[in-house]
Amino acid sequence: MGLTRVPGLLFGGDYNPEQWSEQVWDQDVRLMAEAGVNVVTVAVFSWSRLETAPGVFDFGWLDRILDLLHAHGIAVDLATATATPPPWLVRQHPDVQPVDAAGTRLEFGSRQGYCPSSPAFRQGTVRLARAMAERYRDHPALVMWHIGNEYGDHTVECFCEESARDFRRWLEARYGTLDGLNSAWGTSCWGQHYTDWTQLAPPRKAPGPVNPAQVLDWRRFSSDALLACFEAEREVLKEVTPDIPVTTNFMSVLHHLDYWKWAAAEDFVSDDAYPDPADPQAPVKAALSYDLMRSLKRRPWLLLESAPSAVSWRAVNVPKEPGVMRLHSLQALAHGSDGVMFFQWRQARYGPEKFHSAMLPHGGTDTRQWRETLALGADVRRLAEVAGSTTRAEVALLLDWESWWGLEAPESLPSDRLRLHSLLLSWYAPLHGRGIAVDLAPPDRDLSGYQVVIAPNLYLCTAEQAANLAAFPGRLVVGPFSGVVDAADQVHDGGAPGPLRELLGLRVEEFWPIPDGRTQEVSAEADPARGAPALNTVRLTARTWSEWLELDDAHALARYRGGPLDGRPAVTRRGTVTYLGCLLDDLTPVLDEVLDTAGVTGVTGAELPPGVEACRRGDHLFLLNHGAAAATVPLPASGTDLLTGRPLHGSVVIAPRDAVVLKY
Ligand code: GAL
C-alpha cells in the first residue's frame, strides 16, 4: 500500500495558481502532464484568498483549479491553507501575531505570523480546515491533506501573555502542584521559589541565564503547543474525510520539534530538504535527515519539498550543477522516499521567492532546468516499482529531543561546544561512507533488531532509558557527557553517567572540556581480552571535550597521553559496551572494531570508492556517485539497472553525478 492512492512514486511540487492568471493554468497543467507530474501541493498560503472575511469563503478559484488538475490526471496534496493567518484576522485579533522573547509583537507582512496558543488562531484554522474538508471531501483529485506548513519554521515559540497562560496550564498538567514544580525546577536556586501559578512565565529575556529546567519545559511545551495546532486540524479532517491520509512537511533534523511525537500524529511522514549545493558535506547531511524520516514511522516517507536548483533564502544561493537535481532526488528515493517533490512548480515573478528555482523557470521550456525536470520525471516513472519498499538497518543511532534540548541549553553547561547535530554526523558520516544502512531511534524504542546501537550523546537519560539500553544484547557505543541529568535537568545522584553507571562500568569524576583550538593526544592500549590493542590505530586526537573517568569494572581501550588527564582512560569497554569520554577527531578505529565484531558490513559487501553512496531498498541497490570522478563499484549480484534498462554484472562504472539503480 503506497502513501496515497496514486500508484508508483509521486512526482510534482508546490503549485500556487493564485499567483497566475487562468490562461497560465492551462499551460501549467499541460506542461505538468508532459513532465509526468502526478501530484501537486495546492493552497499552502491561501487562507486570505479562500476566506476573505470571517466565515466568508471564496472557493471558486480552488474548485476550478482542482477540476482542471483532475482532468489532466494530476492528484492534489491539498493544504488546509492555515500557514499564514489573513490580515483581517490579525487586525481583528492582534494577539494572533507572535511575540518574541524581548516582548516585541511581530508585524504582519511575512508568513507564519501566529501565536500557537492563540485561541483566535486555533479557532480560525479549525473553521477553515472544516470548510475545506466539507467542500472537497468527495473531490476525486484529493489524495492527501497537508496541514499548516513547516511548523516551527518562522514561528517556533511565542512569549505573549496567552502563551504564558497556556504554558501554566501545561505545567499544571505536568506537575500537579506548585511543590512538584518548585522541586523539579530547583527553584531554591537563585531565589525562584513560586507561590502561585500566575507567577510563572515563559523564559523571556531576563537579566542573566534563565533556569535551565524552565527552558527545557518551555521547549517541551513549545513543541506540544504547535503539535496541538496540527492535531486540532487533523481531528476535523479525520472526522470529515477519515480515509484521506494526513501529513505536514517536516524540516529535516530540526532542533525545535520532537518529531517522534509529531510523526505519531501523522498518517505518513513528509519532509522538506534543502541541502546546500555549495556544501561538500551536503549529501551526507541529507542522507542523515532522510534516514531520520524513514525511521520516524519505520516506513516509506515523502520528500514533499526540495529545490530544483538554487534557493532564495541563503546569503549566497548557489544553483545545482547539471545532474545534481536528479542525483539528490534519487538519493531521497534511495533512503525511503516514495516520491520526489519540489518547491515549486512555476518560478514566481514576485515576492521573496522570485529568485527561488522552480521546475519550470522564468525562462520557460527552452531551458536547462526544464529539460532536467522532464528527464527526472521520466526517471521517476522508471523507478515506480520502488514505491513501498523498505530498508533493513543493522545499526541505529539514538536521538532524543529532550536530551538535545538539555544539551544545548544556553549558559549553564561545562561547554557549549557539544552540538547534537554535529555529534550525530560525526558517527553517521563514516557509516554512510561504508554504505551501512542506519536507522535513527529514540532511546526507549525496542532495539533488539539491531546489531549495533550508538548513542552519540544522551545528556538527559532516565532510569527507564538506561534499562532499555542495558537490555540491548548487541554492541552498544555511548558518547561522552551522557547520563548526566534526569528528565528535570537535575544531575543524577553521584553524577554522570547516572543510570548508565553499571552498564558502562565507570564513573565520570570531572568534565574536562578542551579549549578551542587545542587538542589532546589519545593512544590505544592493549585489550586484556585479546592481548593486543582493540583499536587499529595507535594515535588518536581528542578535541573539544574530555572527562576524568574512574573505572569500576570497565577497562581502557585508549588513554590520554600528556596533558591534564595523562594516563587516564579515554575510551573504555565493559563487555559489549564501549564508552568514549572524549570527542575523537576520527571515529574510524572505534567504529571499525565495533562493526567488525558485530559482523556488520556495507550493503554492497565491498569498500566503496570515495563519494559513492550505496543504499538498499527492498530488491533495489541505489549507487549514487556524488564525487567529481568516475567510480568503479563492485556489484554484490547481477541484475538490471532500472534507469537505463541495461544488464549489469561484476562491477559498474558510474560517471560523476550519475547513478545506478540495480534491481536484483
Ligand atoms: C520551505 C517552505 C516553502 C518555500 C521553500 C523555499 O521552507 O515550506 O513554502 O518557502 O521553503 O525553499
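Which element gives the largest share of the lining of the second largest pocket? The legends below work towards the reply, moving from the ligand outward; the model they describe is a predicted one.

**Figure 1. Residues around the ligand in the predicted model.** The shell around the ligand is made up of Phe 45, Arg 111, Asn 149, Glu 150, Asp 153, Asp 272, Tyr 274, Glu 305, Trp 313, Phe 343, Glu 353 and His 356. Sorted by class, this shell holds six charged, four nonpolar and two polar residues. The ligand itself is placed in the second largest pocket, the lining of which is the subject of Figure 3.

**Figure 2. Polar side-chain atoms facing oxygen atoms of the ligand.** Asn 149 brings a polar side-chain atom to 2.8 Å from an oxygen atom of the ligand, and for Glu 305 the distance from a polar side-chain atom to a ligand oxygen is likewise given as 2.8 Å. In the case of Glu 353, a polar side-chain atom lies 2.3 Å from an oxygen atom of the ligand. On its own the ligand has 310 Å² of accessible area, and the protein covers 96% of this area.

**Figure 3. The second largest pocket, where the ligand sits.** This pocket has a volume of about 620 Å³ and a lining of 28 residues, with Ser 252, Asp 272, Ala 273, Tyr 274 and Trp 313 lying nearest its centre. Two elements, strand E9 (270-273) and helix H10 (282-297), each give two or more residues to the lining. The opening question is answered here, since the largest share of the lining, four residues, comes from H10. By class, the residues that line the second largest pocket divide into 11 charged, 11 nonpolar and six polar. Asp 272, Tyr 274 and Trp 313, which appear among the residues nearest the centre of the pocket, also appear among the residues around the ligand.

**Figure 4. The largest pocket and the residues nearest its centre.** The space in the largest pocket comes to about 760 Å³. Its lining consists of 23 residues, and those that lie nearest the centre are Gln 19, Phe 45, Ser 110, Arg 111 and Pro 352. In this lining 10 residues are polar, nine are nonpolar and four are charged. Although the ligand sits in the second largest pocket, Phe 45 and Arg 111 are listed among the residues around the ligand and are also among those nearest the centre of the largest pocket.

**Figure 5. The largest cavity and the elements that line it.** Rolling a probe the size of a water molecule over the atoms shows where empty space is left. The count of cavities of 30 Å³ or more comes to four, and the largest of these cavities holds about 100 Å³ of space. It is lined by 15 residues, of which His 335, Ile 436, Ala 437, Ala 614 and Cys 615 are the closest to its centre. Helix H14 (420-433), strand E26 (612-617) and H10 are the elements that give two or more residues to this lining, and the largest share, three residues, comes from E26. The lining of the largest cavity divides into eight nonpolar, four polar and three charged residues. Helix H10 thus takes part in the lining of the largest cavity as well as in that of the second largest pocket.

**Figure 6. The second largest cavity.** With a volume of about 50 Å³, this cavity is lined by Ala 273, Pro 275, Tyr 290, Leu 303, Ser 306, Ala 307, Lys 320, Met 325, His 328, Ser 329 and Phe 342. Strand E10 (301-306) and helix H11 (324-334) are the elements that give two or more residues to the lining, with H11 giving the most, three residues. By class, the lining has seven nonpolar, three polar and one charged residues. Ala 273, which lines the second largest cavity, is also one of the residues nearest the centre of the second largest pocket.

**Figure 7. Backbone features in three loops.** Most residues other than glycine have a negative phi, and most peptide bonds are trans. The bond that joins Phe 343 and Gln 344 is cis, with omega about 0°, and Gln 344 lies in the loop between strand E11 (337-342) and helix H12 (368-382). Phe 343 is also among the residues around the ligand. A cis peptide bond likewise runs from Ala 496 to Pro 497, with omega near 0°, and Pro 497 lies in the loop between strand E15 (475-478) and helix H16 (501-504). Gln 112, a residue other than glycine, has a positive phi near 55° and lies in the loop between helix H4 (87-92) and helix H5 (119-136).

Note on methods:
Residues numbered from 1 in each chain as written. Predicted model: local features only at pLDDT ≥ 70, side-chain atom pairs only at ≥ 80, totals over all residues. Heavy atoms only, no water. Near = heavy atom within 4 Å. Polar contact = N/O pair within 3.5 Å; in protein donor to acceptor, adjacent residues only side chain to side chain. Areas by Shrake-Rupley, 256 points an atom, 1.4 Å probe, with all protein chains shown as cover. 1 Å grid on protein atoms, 1.4 Å probe; cavity = no way out; pocket = protein on both sides within 12 Å on 5 of 7 lines; lining within 4 Å. Sits in = over half its atoms within 2 Å of the grid points. Nonpolar A, V, L, I, M, F, W, Y, C, P; charged D, E, K, R; others polar. Points joined across faces, edges and corners; volume = space filled by probe spheres on them.
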